Amino acid sequence: MKKIIVIVSIIVAIFVALAVITNYQQKKSSEGNPYGKDKIKPSTQQQLNDPLYQNLILPDQLEEKLENGETTTVYFYSPECVYCQQTSPVIVPMAEEMDINLELYNILEFEQGWADYNIHSTPTIIHFENGKEIKRLEKYYQDHSVYSNWFEDIKETPSE
């Protein structure tokens, strides 16, 4: 009986040690992240150095832009969304080539964005002018011309 207690204690100690080490490593790798959070999700951590995910916008920044009536185009995505993983390599370079400042809002890290911007699914791109939503594109499209046409349309839409 004593052997079983010792073995179980050792196993529990190993699991506790692994949990502490994993938590420490995750916290360490989250330090200095652009999200301003102490801890970010592992899928977000994997994107920190990816050039596709550098033009980030935080909730406070977006709110301030909208309150100031600035024109902005925001891509709401989740690092865990398979369709976002297919969309990002298409639209981020496309927007850059078309001289559109596409700002990325990580809805996995800032879940309030679902309700704040009435997001039903990811990926979603919203164009705002004068602090109001003007145009929205939701879901993944295999026909990439849908994105280029959408971007062309927002470029041609005159601001009020």
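**Exercise 1.** Which strands does α4 lie across, and at about what angle does α4 run to β1?

*Solution.* This is a predicted model, in which local features need pLDDT of at least 70 and side-chain atom pairs count only at pLDDT 80 or more, while totals for chains, interfaces and linings use all residues. Residues are numbered from 1 along each chain as its sequence is written, and side-chain values use heavy atoms, leaving out hydrogens and water.

Step 1. Helices (H or I, at least four residues) and strands (E, at least two) are DSSP runs, numbered from the N terminus.
Step 2. Helix α4 covers residues 82-97.
Step 3. It lies across β1, β2 and β3, where contact means heavy atoms within 4.5 Å.
Step 4. α4 runs at about 160 degrees to β1; axes are lines fitted to C-alpha atoms, for helices over the stretch in contact, and angles run from 0 to 180 degrees between N-to-C directions.

**Exercise 2.** Find the order of the strands in the sheet.

*Solution.* Step 1. Two strands pair if DSSP finds at least two bridges between them.
Step 2. β1 (residues 72-77) and β2 run parallel, joined by five bridges; one partnership is that of Tyr77 with Asn106 in β2.
Step 3. β3 (residues 124-129) and β4 (residues 132-138) are antiparallel, with six bridges. Thr124 is opposite Glu138 in β4, and Ile125 has Leu137 as its bridge partner.
Step 4. The four strands form an open sheet with mixed pairing, in the order β2-β1-β3-β4. β2 and β4 are the edge strands, each pairing on one side only. From one strand to the next the twist averages 25 degrees.

**Exercise 3.** Describe the links β1-α4-β2 and β3-β4.

*Solution.* Step 1. β1, α4 and β2 make a right-handed β-α-β unit: with the strands pointing away from the viewer, the path from the first strand over the helix to the second runs clockwise.
Step 2. β3 and β4 form a hairpin with two residues between them. Asn130, in the turn, has a positive phi of about 55 degrees.

**Exercise 4.** Are the two faces of β2 covered or uncovered?

*Solution.* Step 1. Buried means under 20% relative accessible area, exposed over 50%, and partly exposed in between (1.4 Å probe, protein chains only).
Step 2. In a regular strand the side chains alternate between the two faces of the sheet.
Step 3. On one side of β2, Leu102, Leu104 and Asn106 are buried, and on the other Glu103 and Tyr105 are too. Both faces are covered.
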